[in-house]
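Thanks for coming, everyone. I would like to walk you through one model this morning, and I will go slowly for those who have not met it before.

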Amino acid sequence: MIKEIQLRVTLKEEERSDILVLKSAIALDIDKEDITGVKVLRKSIDARKPKIILNYKVAVYIREVLPKNSEYQFDYKDVSKAKPIHIIGFGPAGMYAALRCIELGFKPIVLERGKNVQDRRRDLKAINQDHFVNEDSNYCFGEGGAGTYSDGKLYTRSLKRGDVRRIFENLVFHGATDQILVDAHPHIGTNKLPKVVQNIRETILNYGGEIHFETRVTDFSIKDNKIQAIQLQNGNEMIAEKVILATGHSARDLFYLLHKKNIALEAKSFAMGVRVEHPQYIIDSIQYHCSGERHELLPAASYGLVQQVKERGVYSFCMCPGGFIVPAATANDEVVVNGMSPSKRNNLFANSGIVVEINVDTDLHKYEKFGVLKGLEYQKSLERLAFTAGGRSQVAPAQRLTDFVEGKLSADLNPSSYQPGLKSAPLHSLLPKFIGGRLRKGFEAFGKKMNGYYTEEANIVGVESRTSSPVSIPRNEQLEHPQISNLYPCGEGGGYAGGIISAAMDGERCAEAAIVGL
Ligand code: FAD
């Protein structure tokens, strides 16, 4: 017999390794010897009150064999001689599109401008130490896309769009911890992601798929409303029958190319702002009601904040407890910040994007002349502003949080995890009023919601501009571009995803659509 129950466990009780069996036996009023296993279905922390509770949803197996933790089989086939599907971009969307093609018996041919995860690491070092951005290999471009050297938070709101569990199990199949199957806020960590990505690459190659790194797509030959061939930066050309375009939202050259070729794009609302960084102990003490170090069984605390300011949402985005702020620029004349954390989330800082919603229909009057690319141009202008304010390198402009809100230049800054370094800058006057003014009000409100959050011990760092795509690429019900019948816009760059999991789910969907009629 199997019974699903909820259990509440205190931190003291959690120290006992058999606590779930004991509590299950009491809850079900049975002998603990009759319990053959307890499978955790969900685990979350309730830290709203000083007495912290771990909430478990468990399946209790009573005189029954505990099954394996997976619900899915991944049935990969030899596709070396199968019909090809071309996939541009090897981020989460491209990787999952390729894996799905193999399951369905088609050969993925992946074209990726960046390098494999190992070689890519050197280019990340160059950004951090030499302030040199390789425009094909950086925190956004390369094997695994923006998802590899990311935070690896796997939370998604797009539960309706596909099977999240299938994506998670596939990550576990490729080496991620099976803890992600039960945690309420699953997380892999930037130190573990490259190995998972490498394992995915090996599956694709072992089953006969192709992956071409350092192969940037620069153009398409189009005839009779179909892509006939894909042009590559190295001068080569590939004949293609079906093309999944999964180039992410940082591939501006692709947006410019499609626009130049009169292939329809749409302007999309998005969000921009700054990254705020606190010492982790401040966030822990607020969230866990403790004055010193957090309990050893508790993870670095996180938060989620939202406030309406003058009819626009101001909210936290991609909060990284125990993490680092990273330079996520894709060109040498811009500064872009983002966040990541290792699996243990044991760094001394807590950072989060704090961003303001931008409605492209009403908020970008000065940029109307750029048509559908107005959001992209606005985004670019802020990134250039940050580059100039930081001193024209990857040093980022920053300010103490309290000085930003009070409108004062900071005489000095707090220590930070951002490796290229920070420069004090008057972000309160540099940022457009539309964003800066709302951020200031937002931070004041956040200080009231989380007592201790509004502190001079926090820095804000500019700019957090790549939260989501400012452009979308339309597609019809068959997921084809309405003008180009064999082009499948996919993932975050198409405007169909906002994170690793939703991009992966969209990749699978596009593969399923692309095989139709082949
Ligand atoms: P991308 O991951 O952007 O992949 C696109 C790929 O296409 C890239 O590899 C690029 O090199 C390639 N490409 C671009 N142009 C061309 C071309 N012309 N020719 C060939 N190849 C091309 N999301 C989360 O859900 N959780 C997180 O914790 C998280 N943390 C993040 C931390 C950082 C530092 C960053 C930068 C992002 C983070 N994200 C996170 C966002 C997440 O990484 C993206 O939402 C996701 O990667 C989008 O997937 P995608 O496949 O659509 O595009």
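According to an unreviewed UniProt entry, residues 269-467 carry the annotation "domain: FAD-dependent protein C-terminal", and please keep in mind throughout that what you are looking at is a predicted model. In this model the end C-alpha atoms of residues 269-467 lie 11 Å apart, and the span is 27% helix and 28% strand.

Let me turn to the ligand. How many residues surround the ligand, and which are the closest? There are 42 of them, and the closest are Gly89, Gly91, Gly145, Gly248 and Gly491. If we sort this shell by class, we find 20 nonpolar residues, 16 polar ones and six that are charged. Domain 2, which is made up of 84-264 + 473-514, gives at least three residues to the shell, and domain 3, covering 269-464, likewise gives at least three. Going down to individual elements, at least two shell residues come from each of α3 (92-104), β16 (337-340), α13 (491-494) and α14 (500-514).

Two of those helices also meet one another, since the axes of α3 and α14 come within 7 Å and cross at roughly 40°. Because of that angle, α3 is described as oblique to α14, and the crossing in which α3 passes α14 is right-handed.

I will end with two details of the backbone, and for these it helps to recall that most residues other than glycine have a negative phi, and that most peptide bonds are trans. Where is the cis peptide bond, then? The bond in question runs from Gly462 to Val463, with omega near -10°, and Val463 itself lies in strand β20, which spans residues 459-464. The other detail is Asp224, which is not a glycine and yet has a positive phi of about 50°; you will find Asp224 in the loop between β7 (217-223) and β8 (226-232).

Definitions and conventions. Residues are numbered from 1 along each chain as its sequence is written. This is a predicted model: local features need pLDDT of at least 70, side-chain atom pairs count only at pLDDT 80 or more; totals for chains, interfaces and linings use all residues. UniProt positions are given in the numbering used here, feature names are shortened, and annotations may be inferred rather than shown by experiment. Helices (H or I, at least four residues) and strands (E, at least two) are DSSP runs, numbered from the N terminus. A residue is near a molecule or strand if its C-beta atom, placed from the backbone, lies within 6 Å of it. Ala, Val, Leu, Ile, Met, Phe, Trp, Tyr, Cys and Pro count as nonpolar, Asp, Glu, Lys and Arg as charged, and the others, Gly among them, as polar. Domain bounds come from an automatic or database domain assignment. Axes are lines fitted to C-alpha atoms, for helices over the stretch in contact, and angles run from 0 to 180 degrees between N-to-C directions. Angles under 35 degrees count as roughly parallel, over 145 as roughly antiparallel, 65 to 115 as roughly perpendicular and the rest as oblique. A crossing is left-handed if the near helix is turned anticlockwise from the far one by less than a right angle, and right-handed if clockwise.
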